[in-house]
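Reader: I would like a close look at the sheet in this model, and at what packs around it. Please define the terms as you go, since I shall be following along in the structure.

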Amino acid sequence: MAARKDWDTYFMDIAYMASTRSQCNRRHVGAVLVQGKKLLGTAYNGAPMGVPDCSEAGCMLVEEIELEVKDGQETVVKKQRCIRTIHAEQNLLLFTDREDREGATVYVTDQPCWTCANMLANSGIAEIVFHRPYPKDDGKVRLLMEQRGIAFRQLSGYEPPAGTLAEVIN
Ligand SMILES: [Zn+2]
Ligand SMILES: [Zn+2]
């Protein structure tokens, strides 16, 4: 018999399962809301209900200029982003109640972007656990969490469940 999973692994696995619902082929993100050890919501990135999603209408791409720092070297890079979808964390907030969020933990497959982090900071939650890093907004997001007193940690030594990792374009 396999060893019993710890709670972090258990809830991150569920976040990865939720991410497989995403129809955007640029990014599959899943998020879950946990209060105590109770699962109170799951979400993934997707277009609003009743609106064609990326698999039907294609991604809605915008080009953005970004500063990338590698080995202390700053370079300006052009990146394409899909803005058709509501991010998983934002959908999670749209579909859960404020009182369920007070003091709760959000498990999310990817480190939140600045906008999601900013919204999560005002959502009542007390902790964010993520797996894949998102270096672009790392500095300002960490500072925000520190200022807001929200625990913010990356799950290390974690392997997503088989079959939940989609091939994505970057
Ligand atoms: Zn898309
Ligand atoms: Zn986001």
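**The sheet and its surroundings**

Author: The open sheet is built from 5 strands in the order 2-1-5-6-7, with mixed pairing; strands here are DSSP runs of E of at least two residues, helices are DSSP runs of H or I of at least four residues, and both are numbered from the N terminus, while two strands pair if DSSP finds at least two bridges between them. Strand 2 and strand 7 (151–154) are the edge strands, each pairing on one side only. From one strand to the next the twist averages 15 degrees, where axes are lines fitted to C-alpha atoms, for helices over the stretch in contact, and angles run from 0 to 180 degrees between N-to-C directions.

This is a predicted model, in which local features need pLDDT of at least 70 and side-chain atom pairs count only at pLDDT 80 or more, whereas totals for chains, interfaces and linings use all residues. Residues are numbered from 1 along each chain as its sequence is written, and chains are lettered from A and ligands numbered from 1 in the order in which they are written.

Strand 1 runs antiparallel to strand 2, to which 6 bridges join it, and it also pairs with strand 5 in the antiparallel sense, over 4 bridges. Leu33 shows both pairings, having Gly41 as its bridge partner in strand 2 and Val106 as its bridge partner in strand 5. Val32, for its part, stands opposite Thr42 in strand 2. Strand 1 and strand 2 form a hairpin with 2 residues between them, and Gly36 in the turn has a positive phi of about 65 degrees. Strand 1 is mostly covered, with 5 of its 6 residues buried; a residue is buried if 20 or more other C-beta atoms lie within 10 Å of its own, exposed if 12 or fewer, and partly exposed in between, the C-beta atoms being placed from the backbone.

Towards the other edge, strand 6 and strand 7 run parallel and are joined by 4 bridges, and Glu127 stands opposite Ala151 in strand 7. Helix 1 packs on the sheet, where it touches strand 1, strand 2, strand 5 and strand 6, and its direction makes about 140 degrees with that of strand 1; contact means that the C-beta atoms of two residues, placed from the backbone, lie within 7 Å.

The largest nonpolar core has 27 residues, of which Ala15, Ala31, Val32, Val106, Tyr107 and Val108 touch the most other members; such a core is a set of buried Ala, Val, Leu, Ile, Met, Phe, Trp, Tyr and Cys residues joined through C-beta atoms within 7 Å. At least two residues of this core come from each of several elements, including helix 1 (7–19), strand 1 (30–35), strand 2 (38–44), strand 5 (105–110) and strand 6 (127–132), and helix 1 gives the largest share, 5 residues. Tyr107 touches Phe11, Met12, Ala15, Ala31, Val32, Val34 and Val129, leaving aside residues up to four places away in sequence.

Helix 6 offers a contrast in burial: 1 of its 11 residues is buried, so this helix lies largely in the open. Gly149, which follows helix 6, has a positive phi, near 75 degrees.
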